[in-house]
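Here is a short report on a metal site, a covalent cross-link and a helix. Please look over the sequence and the model first.

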Amino acid sequence: MKPSVYKLGRFLLWSATDEKQAANAWPAGADTGKSAGRPSSFFSKISSDYLLVLDSTTDVSCDQQSLRRLLAIARDTGAGIIYSDFLRRDGDDISAHPLNDHQEGSIRDDFSFGYFFIISAAAIKTVLQKYGMPPHDASTALYDLRLKISIDHALIHVPEFLYTVSAKKIKPAKSSGRQTEEQFAYVAEENFVRQQKMEKIATNYLKQIGAHLPARTKRTDKEPEAFQWKASIVIPVLNRKKTITDALTSALGQQTDFPFNILVVDNHSTDGTTNILKRFAAKYPHIQHIIPSRHDLGIGGCWNEAICSPHCGRYIIQLDSDDLYSSPQTLQKIVTTLRRGQYAMVVGSYTLVDEKLKSIPPGLIDHREWTPQNGHNNLLRVNGMGAPRAFDAAVIRQIGFPNVSYGEDYAVALRLTREYAIGRIYESLYLCRRWRDNTDAGLSEEKQNHNDYYKDKLRTIEIQTRQQINEKEKSTQNINDKNHKECRHSRAGGNPEFLNTGFRVALRLPGMTNEAVTAPPQTADRQTGSSASLAPNQIFAEFPGKDDKTLPQICHNFFKSQKKSWPALASACRDLTGTKIRKLSCGNYSITLQYNPARALSSGAAVDAKSIKKRPCFLCRGNLPPGQHGILYRNRYLILCNPAPIFDRHFTVVTLKHQPQDIMASLSWLLQIAKDASPDYTVLYNGPACGASAPDHLHFQMIPSDTLPFLKELNELPPIKVGATVQIFAGKGFDRAVVVLASEDTEALKEQFIHLLKSAQEVFTINDEPPVNVFCDHDKGCLRLTVFLRRKHRPDAYYAESEDRIFVSPGAIDIAGVIITPLLKDFEKLNCDTMRKIYQEVSPDEETLEKIISSIRTC
Ligand SMILES: [Zn+2]
């Protein structure tokens with residue numbers, strides 16, 4: 001029987017399991033479909049493997065070969081959505097239409113999947129169950145569905161021309177006037193209701209992926225630094241001899257109750273603009289004609305020249321070289337708003353006009369979709385904030401503009417709205433002139449794709465950043481609440497700043513400057529992406545998977561498979577069976593010495609900032625050796641077989657993103673991994689300065705849970721506090737400072753752990769992450785964090801000359817009683833006495849430990 005075709009909004013939908021069925025049901029025309037009815041019940045009832053989606057505004061033809069290709073890729077990859085490039089036929093003319101790759105930031109509703117694409121029915125079912133039904137509205141249901149699908153599934157772009165559309169039925173090609181309307185359609189009045197629906201969908205999606213931020217309230221400093229001018233109008237210009245005089249006249253005509261100047265950044269004009277500027281600058285001393293020394297600047301680079309100029313004023317206000325202020329009061333209005341609201345940025349509204357300054361549709365562009373509550377979230381969906389834009393110079397100087405000529409304003413808006421409250425003015429302050437040869441009119445499709453890709457990339461970066469912010473804010477919020485409620489008397493009085501700010505950047509190694517700590521990685525060998533850029537053959541399996549296997553089961557199969565397919569691991573495992581073991585009995589505790597020459601690399605790893613910056617990151621998946629595969633863990637981590645194992649089945653769990661070791665930001669993940677990996681594995685964390693050989697790339701290790709007897713011995717400790725939910729134990733007489741937290745309540749455990757770290761910060765008087773090794777295991781519903789506090793990473797003997805040198809670099813496993821000695825002489829020589837000294841040297845003494853735990857004992 002021929003499958004039925006349904007209509008949903010402008011799309012025709014039908015389902016199929018193979019190319020034959022797909023081709024059989026191919027709709028004959030735009031009117032063939034019957035109504036799909038409620039999107040929720042329609043999506044729930046799909047019976048075949050794939051849903052095919054066709055844009056009914058076009059004639060699309062696709063042969064069975066191409067359908068087979070698309071469906072094969074869909075099946076092979078398990079992707080959620082598959083789409084391809086297409087050809088367009090116009091009479092005898094055939095033109096190519098390549099599309100962009102989908103990325104995490106492709107969340108705008110006009111992201112193009114082309115005129116025909118395929119959705120996996122399994123993906124639809126999963127997301128409906130997991131993230132809820134789509135809205136009833138046919139025009140937005142697919143948008144909602146594809147955002148939800150993108151959370152857990154790949155959206156794959158096949159860069160092949162797999163179908164052809166007939167040009168005559170495509171909506172009129174983008175050109176001049178028509179384009180202007182389309183481009184601004186999303187702010188037009190009639191579109192408002194639909195935009196609000198889209199905003200709701202996008203906001204919901206951001207919440208689901210942890211990138212949604214509550215309303216931002218940060219304001220600027222009242223009096224940051226001395227500025228010679230109250231305000232500067234900034235005009236970047238390149239070859240605008242026709243309009244620059246109008247722009248300057250409009251700037252000069254501003255009436256204000258404060259002194260202002262005009263910074264014109266002339267990007268090496270060749271059409272006579274430079275001479276006009278010279279004449280103006282000679283006549284008006286408050287016009288600064290800046291010609292950059294560099295020749296590689298885009299518009300963003302020109303802005304940087306202005307904001308870094310010594311002539312830059314306290315507030316800076318945009319004026320494009322072909323636009324005008326709409327009245328002499330524009331500057332005054334903007335500066336008053338900036339000043340009163342202490343805003344980092346104020347965005348006004350503008351009117352579109354033609355060459356003769358006559359208003360053209362849609363007229364006033366005021367971006368009323370912006371709200372103080374959600375504007376900063378919705379900005380990730382829409383393409384911009386409007387104009388003119390104005391900034392607090394002290395803030396914008398710290399951020400700077402990307403040196404590009406498209407999207408530089410959007411990049412800055414995303415960055416500022418992430419942190420600051422933004423001021424808006426909804427009346428028209430500015431005239432934006434449009435005609436044939438100025439800015440974005442009539443762009444080639446290739447250029448348009450490039451621009452779209454860039455803004456999507458900005459959104460991708462922003463989403464990932466906001467996810468990080470949320471994780472940090474959540475962790476610190478918990479403990480702040482608790483401190484506020486329970487510990488006011490004992491702690492909060494001391495240093496309120498400390499409680500509010502939580503942790504600063506955790507990783508600060510000797511010789512690392514502030515910039516080095518916060519700067520994004522410079523080189524291409526640092527990973528920033530998501531799971532989407534993983535090569536399919538790099539992934540052995542996904543957890544959670546479709547077949548309900550537990551993580552230990554998957555790890556078991558994975559390890560077996562890697563031993564077969566990856567010779568380096570096979571040989572490391574052979575070496576491991578030959579390692580020598582020696583046991584030391586040291587009074588209260590015992591120690592196992594392991595002679596393991598393969599660990600020389602790790603024990604000897606240079607972990608200073610300079611060395612790390614120089615080497616390619618060996619945990620970034622782009623740098624993994626051929627043959628090394630991973631388990632994709634909850635779309636955020638990759639579980640790898642450790643190529644220099646200490647135990648049989650020794651895994652490294654690394655974030656997909658290159659980011660520093662940071663226990664605060666990753667605590668929830670540590671607990672989650674421990675739960676998933678139980679009962680077979682214990683998960684451990686080495687602090688950036690206590691044994692992590694890649695402190696620049698966040699990672700944990702998973703080791704079999706029966707390998708560290710000392711952790712079991714710690715079970716015998718008497719509790720120092722039995723709270724309602726969390727039990728706390730502290731070890732004495734082990735020559736190490738160890739605190740154990742145990743609870744069935746994950747949130748309470750997190751709070752207590754953060755409390756412990758903060759207490760350690762106070763006692764050590766540091767702002768960075770306190771040096772720690774942490775073990776986490778999970779048994780019968782109870783989570784246990786075993787925290788070893790550290791004083792230093794390596795003992796002095798590690799740096800001693802020749803004979804006296806002891807090549808032991810204690811990380812978590814060593815601290816927990818299994819000492820790895822890459823050199824035979826150490827293995828033979830080490831005894832309880834030397835080991836006790838090493839432990840004591842790298843751990844805080846009992847008095848310090850007592851100070852640290854006293855606050856959690858009483859609180
Ligand atoms: Zn890395």
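The text below takes these three topics in turn. The model is predicted.

**Zinc site.** Four protein atoms bind the zinc ion: SG of C617, SG of C620, ND1 of H658 and ND1 of H697. They lie 2.0 to 2.3 Å from the metal. Along the chain, the donors of the zinc ion are spaced C-x2-C-x37-H-x38-H. What is the geometry of the site? The angles among the four donor atoms run from 101 to 116°, and the site is tetrahedral. Both cysteine donors, C617 and C620, are buried.

**Disulfide.** The structure has one disulfide. C586 pairs with C832, at an S to S distance of 2.2 Å. The partners sit in distant parts of the chain, 246 residues apart. C586 belongs to strand β20 (residues 580-586), while C832 belongs to helix α28 (residues 832-842). The torsion about the S-S bond of C586 and C832 is about -85°, so the disulfide is left-handed.

**Cysteine burial.** Buried means under 20% relative accessible area. The cysteines below meet that cut-off.

| Residue | Relative accessible area | Class |
|---|---|---|
| C586 | 2% | buried |
| C62 | 14% | buried |
| C620 | 0% | buried |

**Helix α19.** This helix covers residues 551-565, 15 residues in total. At 1.5 Å a residue, α19 should span 21 Å; its end C-alpha atoms are 20 Å apart, which agrees. Which residues of α19 are buried? They are L551, P552, I554, C555, F558, F559 and Q562. These residues cover an arc of only 150° around the axis, so they lie on the same side of α19.

Terms used. Residues numbered from 1 in each chain as written. Predicted model: local features only at pLDDT ≥ 70, side-chain atom pairs only at ≥ 80, totals over all residues. Heavy atoms only, no water. Helix = DSSP H or I, 4+ residues; strand = E, 2+ residues; numbered from the N terminus. Expected span 1.5 Å × (residues − 1). Buried < 20%, exposed > 50% of the residue type's maximum accessible area, 1.4 Å probe, protein only. Arc of directions from axis to C-beta. Donors = N, O, S within 2.8 Å, 3.2 Å for Na, K, Ca; no water. Tetrahedral: all angles 85-135°; square planar, octahedral: opposite > 155°, others 65-115°. Disulfide = S-S within 2.5 Å.
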